[in-house]
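Thanks for coming. Please have the sequence and the 3D view open while I go through this one.

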Amino acid sequence: MTGANESMSPAPEQDQKDEVYFETDGVIATVVLNRPEALNALNYAALVRLGEIVEDLKRRRDLRAVVFRGNGRAFSVGADLKERRALGEAEVRRNVLKIRDVFTAVARLPQPTIAVMHGYALGGGFELALACDFRFAAVGTVMGLTETSLAIIPGAGGTQRLPRLIGPMRAKELIFTARRITAQEAYDWGILTGVAEDPTAAARRLAEELAQNGPLAVAQAKFAVDRGLEVDLQTGLDIESKAYEVLIPTEDRVEALQAFAEKRKPNFTGR
């Protein structure tokens with residue numbers, strides 16, 4: 001569980017020449033997939049960099065939402081198949097475990113996460129979006145879990161996260177057929193938060209709305225929802241109670257009550 005006393009260790013923002021980098025604007029971070037020449041295909045080096053960035057971000061108390069986007073013509077087409085062709089079986093296993101673990105770390109970030117998709121979001125690219133709390137897509141975006149067309153299965157959480165999102169029957173339909181769907185279809189099926197001409201702006205508006213609330217409370221609410229989905233109702237209620245307990249001694253809770261009494265906007269500090 002995200003503790004109220006977790007230390008913050010700010011990390012420098014990455015060079016924009018890196019395969020993955022992040023930038024900050026106030027309390028909102030944006031993680032950028034930066035292999036536009038490869039439609040942001042995820043090679044091993046990109047996965048390592050993404051993992052390092054996520055590890056840094058989870059300690060950043062000053063950041064209250066994280067947006068994921070891709071440079072160029074696509075969000076991400078998933079695994080780098082050119083790299084995969086040159087790998088032996090042991091290296092393939094290494095890559096699959098790495099992408100699974102990195103996307104699990106994305107899913108477990110204490111901050112709310114928002115994927116902004118455009119162009120293509122296929123295979124591992126779509127799985128990265130599924131690991132986020134919210135998903136926006138540009139009109140015309142094409143997405144899908146296409147792995148069975150390559151004689152493999154989604155290995156970065158797709159077989160687990162998609163059924164929890166839209167139910168097993170429709171998830172099986174998409175996974176077994178390797179079908180590509182439009183942004184509007186994804187929205188109609190409950191996969192997307194929204195479809196927009198400018199999904200980056202839509203994501204920014206949501207991030208700013210989320211950032212107005214107590215960051216520790218948002219983190220604990222996220223923890224309670226996500227962990228509660230993995231257990232029975234009574235266990236989930238116990239998780240909720242423990243998440244609430246973490247917030248009782250925090251300065252933010254006292255500040256919220258004081259601000260209410262003084263009829264002003266609270267100044268949350270994440271403590």
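**The sheet and two helix pairs**

I start at one edge of the sheet: β1 runs antiparallel to strand β2 (residues 28–33), and 6 bridges join the two. Within that pairing, Phe22 has Val31 in β2 as its bridge partner. Strands here are DSSP runs of E with at least two residues, helices are runs of H or I with at least four, and both are numbered from the N terminus. Two strands count as paired if DSSP finds at least two bridges between them.

Before going on, a note on the source: this is a predicted model, where local features need pLDDT of at least 70 and side-chain atom pairs count only at pLDDT 80 or more, while totals for chains, interfaces and linings use all residues. Residues are numbered from 1 along each chain as its sequence is written, and side-chain values use heavy atoms, with hydrogens and water left out.

Now the whole sheet. It is open, has 6 strands in the order β1-β2-β3-β4-β6-β9, and its pairing is mixed. β1 (20–25) and β9 (194–196) are the edge strands, each with a single partner, so one side of each has no neighbour in the sheet. From one strand to the next, the twist averages 20°.

Next, the helices. Helix α9 (residues 215–228) packs against helix α10 (residues 233–247) at an angle of about 165°, with the axes 9 Å apart. Axes are lines fitted to C-alpha atoms, for helices over the stretch in contact, and angles run from 0 to 180 degrees between N-to-C directions. α9 is therefore roughly antiparallel to α10; the classes are under 35 degrees for roughly parallel, over 145 for roughly antiparallel, 65 to 115 for roughly perpendicular, and oblique for the rest. Residues of α9 in the contact (heavy atoms within 4.5 Å) include Leu216, Phe223 and Arg227, and those of α10 include Ile239, Glu240 and Leu247.

The second pair is helix α5 (residues 158–166) and helix α6 (residues 168–177), whose axes come within 7 Å and cross at roughly 135°. That makes α5 oblique to α6. Among the residues that meet are Leu162 and Ile166 in α5, and Ala171 and Leu174 in α6.

To finish, the overall picture. The protein has 11 helices and 9 strands. Its radius of gyration (taken over C-alpha atoms) is 19 Å, close to the 18 Å given for 271 residues by the globule rule, so the protein is as compact as a globular protein of that length. That rule is 2.2 Å times the number of residues to the power 0.38.
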